[in-house]
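Biologist: I'm new to reading protein models. Could you walk me through this one, feature by feature?

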Amino acid sequence: MEQSGTSPLLQGAVQDLASGVVSALRSGDHARAAAPAAADGEAGGLALAAVRVLGADALLPATLLRTPPLPDELAVFRKAVEAFPPGAGAAPTVVWSHWAMRRTLRRLDPGHADGPDEEPDAAWLEDTTWQLLTHQLGVLAALAVPGEDCAVTRAAGRRPVDVARGFVRAVRRRDWRQAAGAGRWLTLLEGVPQTLGLENGLDFVELMGGQDPLVALQVRAARLTRAGAFV
Amino acid sequence: MSPTEKFTEELTGIQSADIEAALDPAEADGIYRDSRECAALALFKGGFGLLLSPPTPRPKKG
């Protein structure tokens, strides 16, 4: 088996999954992202891996639109959480992404119990440069949901101007994924400079990068958050 | 272990590494705007002014 083919395969699966989530966010329907038919065999392994990479956003329609997830969606999500825990010495984003999935599972499936809800360490975000902060927040944009309170959201909340600077930098670098993730965070933060023009900035990011489902997902999430659809 | 199980195990092993890489990506290299996009920015509702701000002046050498 050629390893070189696996990563693009996974990237494609993640993009397909993200497309499903975007579609669900637009229509208000279920994502059907965690397709139950794909839970076994090789394709199942790939589908589970894609859910793990997209993280808590795989169930974003349920979180933002308050539409209860289907039992089989939850089952696949749970399986992804269990199948791919962070390895020893995993990067903070890997650990936090897994924590966010467990938190989502607890919220949407109260019967699920998988041990204590202890937050991972977020010290790596303190005193980091605004460029790195924005990059890391972009990777962890799945944590940018209304009502979420954790060390990462608090770190972001303390530095709205830095995140705004990072958003502008990402746009100027044409890093649409990072820009979209930062834009999603900015919709949640207080103290964002009015001069940023976030609304138009998000429009621009969508115009330039919206063909990428991962960008479209973040922009859509930002819009729904801004519109207060979750209330 | 059947060949299919072995293949799946190999695939899953590789995916674990891929997953960690996907969740901890390096920052993408910056690609800066060309003049066409500058124009697009200028025309884009005229509301995203910060992007069009001139760069901070660099200190003169010497």
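Modeller: Sure, and keep in mind that this is a predicted model. Let's start just past a helix end: G228(A) follows α11(A), and the phi of G228(A) is positive, near 70°.

Biologist: How do I check the length of helix α11 of chain A, and what span should its 15 residues have?

Modeller: You count residues and use the rise of 1.5 Å for each one. Helix α11 of chain A covers residues 213–227, so the expected span is 21 Å, and the end C-alpha atoms are indeed 21 Å apart, which agrees.

Biologist: Is α11(A) largely enclosed or open, and how many of its residues are buried?

Modeller: To call a residue buried, we ask for 20 or more other C-beta atoms within 10 Å of its own. In α11(A), 11 of the 15 residues are buried, so the helix is largely enclosed by the rest of the structure. The buried ones run from P213(A) through L214(A), V215(A), A216(A), L217(A), Q218(A), V219(A), R220(A), A221(A) and A222(A), with L224(A) as well.

Biologist: Can we try that on a single residue? Where does A179(A) lie?

Modeller: A179(A) sits in helix α9 of chain A, which takes in residues 176–186. Count the neighbours and you get 30 other C-beta atoms within 10 Å, so A179(A) is buried.

Biologist: Which residues does A179(A) touch, leaving out those up to four places away in sequence?

Modeller: They are F167(A), A170(A), V171(A) and V205(A). Sequence distance and spatial distance are separate things to read, too: A179(A) and T134(A) are 45 residues apart along the chain, yet their C-alpha atoms are 8.7 Å apart in space.

Biologist: Let's zoom out. What does the secondary structure of chain A come to?

Modeller: Chain A has 11 helices and zero strands, so its pattern along the sequence is just α repeated, α-α-α-α-α-α-α-α-α-α-α. Of its 231 residues, 48% are buried. And among contacts with a separation of 6 or more, 73% join residues 24 or more positions apart.

Biologist: How is chain A split into domains?

Modeller: The domain assignment gives domain 1 at 1–120 and domain 2 at 122–231. Where they meet, 22 residues come from domain 1 of chain A and 20 residues from domain 2 of chain A. On the domain 1 side, α1 (6–27), α3 (60–65) and α5 (92–108) of chain A each supply at least two residues. α1(A) gives the most to that side, with seven residues. By type, the domain 1 side has 12 nonpolar, six polar and four charged residues.

Biologist: What about the inside? How many residues are in the largest nonpolar core?

Modeller: That core has 76 residues, and A50(A) and V51(A) have the most contacts inside it. α1(A) is again the top contributor, giving nine residues to this core. Both domains take part: domain 1 (1–120) and domain 2 (122–231) of chain A each give at least three residues.

Biologist: And chain B, how many helices does it have?

Modeller: Chain B has two helices and zero strands. Buried residues make up 16% of its 62 residues.

Biologist: Last one: where does pLDDT stay under 50 in chain A?

Modeller: Look at residues 1–5 of chain A, for which the model has three contacts beyond four places in sequence. Over the whole of chain A, pLDDT averages 88, and 88% of the residues score at least 70.

Key. Residues numbered from 1 in each chain as written. Chains lettered and ligands numbered in written order. Predicted model: local features only at pLDDT ≥ 70, side-chain atom pairs only at ≥ 80, totals over all residues. Helix = DSSP H or I, 4+ residues; strand = E, 2+ residues; numbered from the N terminus. Buried ≥ 20, exposed ≤ 12 C-beta atoms within 10 Å, placed from the backbone. Contact = placed C-beta atoms within 7 Å. Domains from an automatic or database assignment. Nonpolar A, V, L, I, M, F, W, Y, C, P; charged D, E, K, R; others polar. Core = buried A, V, L, I, M, F, W, Y, C linked by C-beta atoms within 7 Å. Expected span 1.5 Å × (residues − 1). pLDDT = per-residue confidence, 0-100.
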